[in-house]
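Subject: A structure for you to look through

Hello! I am handing over a structure that I have been going through, and I would like you to have it open while you read. My notes follow just after it.

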Amino acid sequence: MCIGNLLNTQIEKIVDLPFYTEGPAMDSIGNIYCSTLAGRSILKIDAQYRITKWAQLTCPNGQIILPNDEHLICDDAAIRRFDKEGKFIKTEMEGHCGGIPVYSSNDLVTDSGGNIYFTDSIRNNGKVCFLGADGQRHILATGLDYPNGLVLSSHQEWLYVAESYKNRILKIDLKSPGIAKGRAEIFAELPRHQSGREQDNLPDGLTLDKYGNLWVAHYGMQAVHWISPAGRLLSSINTMMPFTSNLIFADEQTLIVTGGYEEPGPGALLRILIS
């Protein structure tokens, strides 16, 4: 399924896994990592596609790998830090952000100053939260209907957030790190699944390419959407994986995509080559 501009794509399944997967990440030597919520673990997949359990958590979801190969991982209502070998270092946040309860940390991103933005994914009163490298902690946006994936623009002047149960992408302009210029604005409305069911229209993970285009994993739609910097839908790729959850660029033309066929499983990792 392609809409608008046609993409030449090749979809390859990297591995089948027993659990639905989330939180794709890649380290400095090319190992791929993903989280399994029901499996309560982070898995590592090496260049030979060998799978090992890298770390055990409570309910891991989004994760990122820092330049020093440390991992930051959303884990239930917490953000936890692990070293490159999978050894727990410390908990960055658990249960509260600036005195406000956090219920379900979902995805996260850091800026060049080491500040952390993360989503608290609940219905109707979901939040985007900020953990400053200097110890600041506050809520950047609230009143969202299940904020999910998020990504910073390359110049770090705005933040894109998937608002899952509104089937849209929001944009938050930043005055300075952790400080919004105003309320979140609608950046893009997404296609709707022909079933009409709410659960088939849930944008999840986000990533950006080098041109500033936004790529969206659309859970329930079994799609990846390609959206221009102006918020226009350019194309959609049918992943053939109903619960397409999240994605990262391994290189300029290769997406790594997590998700599954049911929840709690089975799951898979996909590689999508784009030209």
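Let me start with a small puzzle: is Trp-158 buried, partly exposed or exposed? Trp-158 has a relative accessible area of 22%, so it counts as partly exposed. The cut-offs behind these words are under 20% relative accessible area for buried, over 50% for exposed, and partly exposed in between, with a 1.4 Å probe and protein chains only.

Before going on, please keep in mind that this is a predicted model, in which local features need pLDDT of at least 70 and side-chain atom pairs count only at pLDDT 80 or more, while totals for chains, interfaces and linings use all residues. Residues are numbered from 1 along each chain as its sequence is written, and side-chain values use heavy atoms, with hydrogens and water left out.

**The whole chain**

The protein chain has 0 helices and 27 strands. Helices (H or I, at least four residues) and strands (E, at least two) are DSSP runs, numbered from the N terminus. Along the principal axes, the C-alpha atoms fill a box of roughly 45 × 40 × 35 Å. The radius of gyration is 17 Å, which agrees with the value near 19 Å for a compact globule of 275 residues. That radius is taken over C-alpha atoms, and the globule rule is 2.2 Å times the number of residues to the power 0.38. Of the 275 residues, 55% are buried. Among contacts (heavy atoms within 4.5 Å) with a separation of 6 or more, 43% are between residues 24 or more positions apart.

**Aromatic rings**

A pair of aromatic rings is described by the distance of the centres and the angle of the planes. Here, rings of Phe, Tyr and Trp (its six-membered ring) pair if their centres lie within 6.5 Å; planes under 30 degrees apart count as stacked, over 60 as edge-to-face and the rest as tilted. How many aromatic pairs does this rule give? The count is 11 aromatic pairs. One of them joins Tyr-146 and Tyr-165: the ring centres are 5.6 Å apart and the planes stand at 75°, so this pair is edge-to-face. The two residues are 19 apart and link distant parts of the chain, with Tyr-146 in the loop between strand E15 (137–144) and strand E16 (147–152), and Tyr-165 in the loop between strand E17 (158–163) and strand E18 (168–176). Tyr-146 is partly exposed at 24% relative accessibility, and Tyr-165 is partly exposed at 25%.

Trp-158, from the puzzle, pairs with Tyr-160: their centres are 6.5 Å apart and their planes at 80°, so they are edge-to-face too. Tyr-160 is buried, at 2% relative accessibility.

Two of these rings also have a charge over them. Arg-123 lies over the face of Tyr-165, 3.8 Å from the ring centre, and the charged end of Lys-171 sits 3.9 Å from the centre of the Trp-158 ring. A charge sits over a ring if NZ of Lys or CZ of Arg is within 6 Å of the ring centre and within 35 degrees of the ring normal. Elsewhere, Tyr-33, Trp-54, Phe-82 and Phe-88 are linked into a cluster by ring pairs.

**Strands and sheets**

Strands of a sheet pair through backbone hydrogen bonds, either parallel or antiparallel. Two strands pair if DSSP finds at least two bridges between them.

One open sheet has 4 strands in the order E1-E27-E26-E25, with antiparallel pairing. Which strands stand at its edges? They are strand E1 (9–17) and strand E25 (243–251); each has a single partner strand, so one side of each has no neighbour in the sheet. E25 pairs with strand E26 (residues 254–260) over 7 bridges, and Phe-249 stands opposite Leu-255 in E26.

Another open sheet of 4 antiparallel strands runs E6-E7-E8-E9. Strand E8 (residues 78–82) and E9 pair over 5 bridges, with Arg-81 opposite Lys-90 in E9.

Finally, have a look at the hairpin of E4 and E5, which has 5 residues between the strands; Tyr-49 in its turn has a positive phi of about 65°. Strand E4 (residues 41–45) and E5 pair in the antiparallel sense over 5 bridges. Thr-52 belongs to strand E5 (residues 51–56) and is partly exposed at 42%. Its contacts include Ile-42 and Leu-43.

Enjoy exploring!

Technical notes
Lists of a residue's contacts leave out its neighbours within four places in sequence.
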